Amino acid sequence: MPQNEDVRFTTSSIKLPLFSPPPLHHHTPNPFFTNLHLILQNLPKFPHLFHKKFNPQNAILEFLRKPNPFSWNLSNTTPLLCCASIPLTQSNLDAPKTWSGKEERVLISEVLVRNKDGEELERKDLESEALDALKVCRPNSALTVREVQEDVHRIVSSGYFCSCMPVAVDTRDGIRLVFQVEPNQEFHGLVCEGANVLPARFIEDSFRDGYGKIVNIKRIDEIISSINGWYVERGLFGAVSGIEMLSGGMIKLEVSEAEVNNTAIRFLDRTGEPTVGKTRPETILRQLTTKKGQVYSMLQGKRDVDTVLAMGIMEDVSIIPQPAGDTGKVDLVMNVVERKSGGGISAGGGISSGITSGPLTGLIGSCAIYHKNLFGRNQKLNLSLERGQIDSIFRINYTDPWIEGDDKRTSRSIMIQNSRTPGTLVHNQPDGSLTIGCVTAGIEYSRPFRPKWNGTAGIIFQRAGARDDKGSPIIRDSYSSPLTASGNTHDDMLLAKLENVYTGSGDPGSSVFVFNMDQGLPVWSEWLVFNRVNARARKGFSLGSMRLLVSFSGGHVVGNFPPHEAFAIGGTNSVRGYEEGAVGSGRSYVVGCGEVSFPLMGPVEGAVFADYGTDLGSGPSVPGDPAGPRGKPGSGYGCGVGIRVDSPLGPLRLEYAFNDQRTGRFHFGVGLRN
């Protein structure tokens, strides 16, 4: 139907004389607040909003089905309809007080439809609608009062008439049955009250095709169902609570929305009894996106529950809405069960996928002392030690996930680290004894700046140098290549760090993009000055039951940088089929991967992949050219097959690949390939 350009809608309240049909029910002095109060008394309780089977649409649908003012049936209660009475003029047609199976029948010779004054209707289409609604009232038929009354209700139920009065007239030819009807008004405008989140365009589009036409109650009922459905789909507590026809063809639509009044935190123990919490209530409240004055949304409430659980200090979280007195608003009570202890000691072990030669050289043991809720502010302190036969890392890390007083969710992390890692990726020695010792200290600030985007900036001081198997500093490897850029036993640098991270849905194979840049600052003349950029991206595609995963990474360094920090190409997370760093060590690099995975059985998947990597000819430009004497080709590719097994740590990967030099190699990794 073409859009009527003359349609006008009114969104503010207009004081017009009321059209006053016979009332059907008693109206309270303030139906808006009273009706909403009754609704809130029946609010559904959702003690486990974070449960996987929770469906907010089903919950609200169940809520709206309850008998409350949100589910008015216009065919029964709306003021647009009037009751249909049957005062017949003939005494022999008077309706009995009680119905029985032996009602008297009266022969009707003629059936007409007229207006309330007994005159013909100006609009013949309305007369046809009324006649078409009749089921038993036909000329030359014997009728009971009940049958007449049923047809009266059918006329009213057609939706075009606000009243219908059957009148029996005794004529020379017999009894004439006249249905005196009063059509609804023509629709000329709309007044909507209480709709704060419902888009005005949605309401306008719903009523637009009825402008200038007789109001049809069935169509109004469909519109109300559509409006209620809009709230249901979005998990919002709102619905149409009243509708009224004003003079001049204006329709007044009242919408009730349950706004949030206050939010309170209640600490419970594991038995559900109230207790005293260790976490400050304001630390929890600031995590919530549901604020005072908003229309309560169960979907938003579920996200708030997930956010509080993600703090890592809660064992159980639930939100329960309750009526806020008779204000027509809702109070939220968040029940939280804290974890038994905010701190402790942990220990574990693992395997480093970067160490692939020698017996047991990849084994790593670890222990940590931690506290996850310092001062009740959700601040984290972690002291950890990882130790292997070759490498070790001691780290002290303090993190404030949300700096107090900041409204951008900025986090702060302070870190001090002393590490010792194998130097074999770039400067592999014949005896494999070279290690890189590094002392690092810095502070970083991170915040989300767009949906799915997170940014980090920081300042990091680093002192790094090479050591032999006895722990003594060395400045050259076995090929006489320098191990430091400064020529000293160690390199000092102060780095300004910038990082941008994009994460998709978080599901395995979803899109990921990471960009890093480190800039060396010339604070002292001997400190290194360089610029290093590195980027990696991953994208997953569905191919029926299979999944295609494409990944790319690349980087470049400009300036004077430590040679042991050259980009190492080859290995489990680079070009499979080669040992770690065996393809090349360059100032620049590019690595690409394509992988197709397919289900095998249960949590086990199969995979077919191909990798390619190159240093773009930049190997000789690395200080000392460590790749040249070691015969690294600078580029290479590999392909192979593997299996994946889902685990709490991520996918466990076991792969076998051939490289372009026709040698094969097994690889083991945890998590998706970087």
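Which residue forms a salt bridge with E147, and how far apart are the closest N and O atoms? The legends below take up that pair and then move on to other places in this predicted model.

**View 1. E147 and R105 meet in a salt bridge.** The partner of E147 is R105, with the closest N and O atoms 3.1 Å apart. This pair links distant parts of the chain, for the two residues are 42 residues apart. E147 sits in helix α5 (residues 145-157), while R105 belongs to the loop between α3 (74-77) and β1 (106-115). Look at how the two are covered: E147 has a relative accessible area of 17%, so E147 is buried. R105, at 48% relative accessibility, counts as partly exposed.

**View 2. R123 and E186 form a salt bridge between two loops.** Here the closest N and O atoms are 3.7 Å apart. R123 lies in the loop between β1 and α4 (124-133), and E186 lies in the loop between β4 (174-183) and β5 (189-193). With 63 residues from one to the other, this pair too links distant parts of the chain. R123 is partly exposed, at 34% relative accessibility, and E186 is also partly exposed, with a relative accessible area of 32%.

**View 3. R201 and E204 pair within helix α6.** Where do these two residues lie? Both are in helix α6 (residues 200-208), 3 residues apart, which is about one turn of the helix. Their side chains meet in a salt bridge of 3.9 Å, taken from N to O. R201 is exposed, with a relative accessible area of 56%.

**View 4. Six residues are linked in a network of salt bridges.** The members to find here are R576, E595, D611, R644, R653 and E655. As background, side chains of opposite charge can pair when their charged atoms come close. For the model as a whole, the count comes to 33 salt bridges.

**View 5. D491 is buried and has no salt bridge.** This residue is placed in strand β19 (residues 491-503). Which side chain of opposite charge is nearest to D491? That side chain is R463, 9.3 Å away. A salt bridge needs the nitrogen and oxygen atoms within 4 Å. The side chain of D491 does make a polar contact, at 2.6 Å, with the side chain of S486. Setting aside neighbours within four places in sequence, the residues in contact with D491 include Q462, R463, A464, T484 and A485. Also among them are S486, L528 and P562.

**View 6. Strand β15 pairs with β14 and with β16.** Strand β14 (residues 392-400) and strand β15 (residues 411-422) run antiparallel and are joined by 9 bridges. To find your place, start at I393, whose bridge partner in β15 is S419. Strand β15 also pairs in the antiparallel sense with strand β16 (residues 435-450), over 12 bridges. There, I414 stands opposite I443 in β16. As you follow the strands, keep in mind that in a regular strand the side chains alternate between the two faces of the sheet.

**View 7. The whole chain has 10 helices and 29 strands.** Stepping back from the close-ups, the chain has 674 residues, of which 44% count as buried. Among contacts between residues at least 6 apart in sequence, 61% join residues at least 24 apart. The accessible surface comes to about 34100 Å², and 55% of this belongs to carbon and sulfur atoms.

Technical notes:
Residues are numbered from 1 along each chain as its sequence is written. This is a predicted model: local features need pLDDT of at least 70, side-chain atom pairs count only at pLDDT 80 or more; totals for chains, interfaces and linings use all residues. Side-chain values use heavy atoms; hydrogens and water are left out. Helices (H or I, at least four residues) and strands (E, at least two) are DSSP runs, numbered from the N terminus. Buried means under 20% relative accessible area, exposed over 50%, partly exposed in between (1.4 Å probe, protein chains only). Lys and Arg count as positive and Asp and Glu as negative; His and the chain ends are not counted. A polar contact is a pair of N or O atoms within 3.5 Å; within protein, one must be able to donate a hydrogen and the other to accept it, and residues adjacent in sequence count only if both atoms are side-chain atoms. Contact means heavy atoms within 4.5 Å. Accessible areas come from the Shrake-Rupley method with a 1.4 Å probe; for residues, only the protein chains shown count as cover. Two strands pair if DSSP finds at least two bridges between them.
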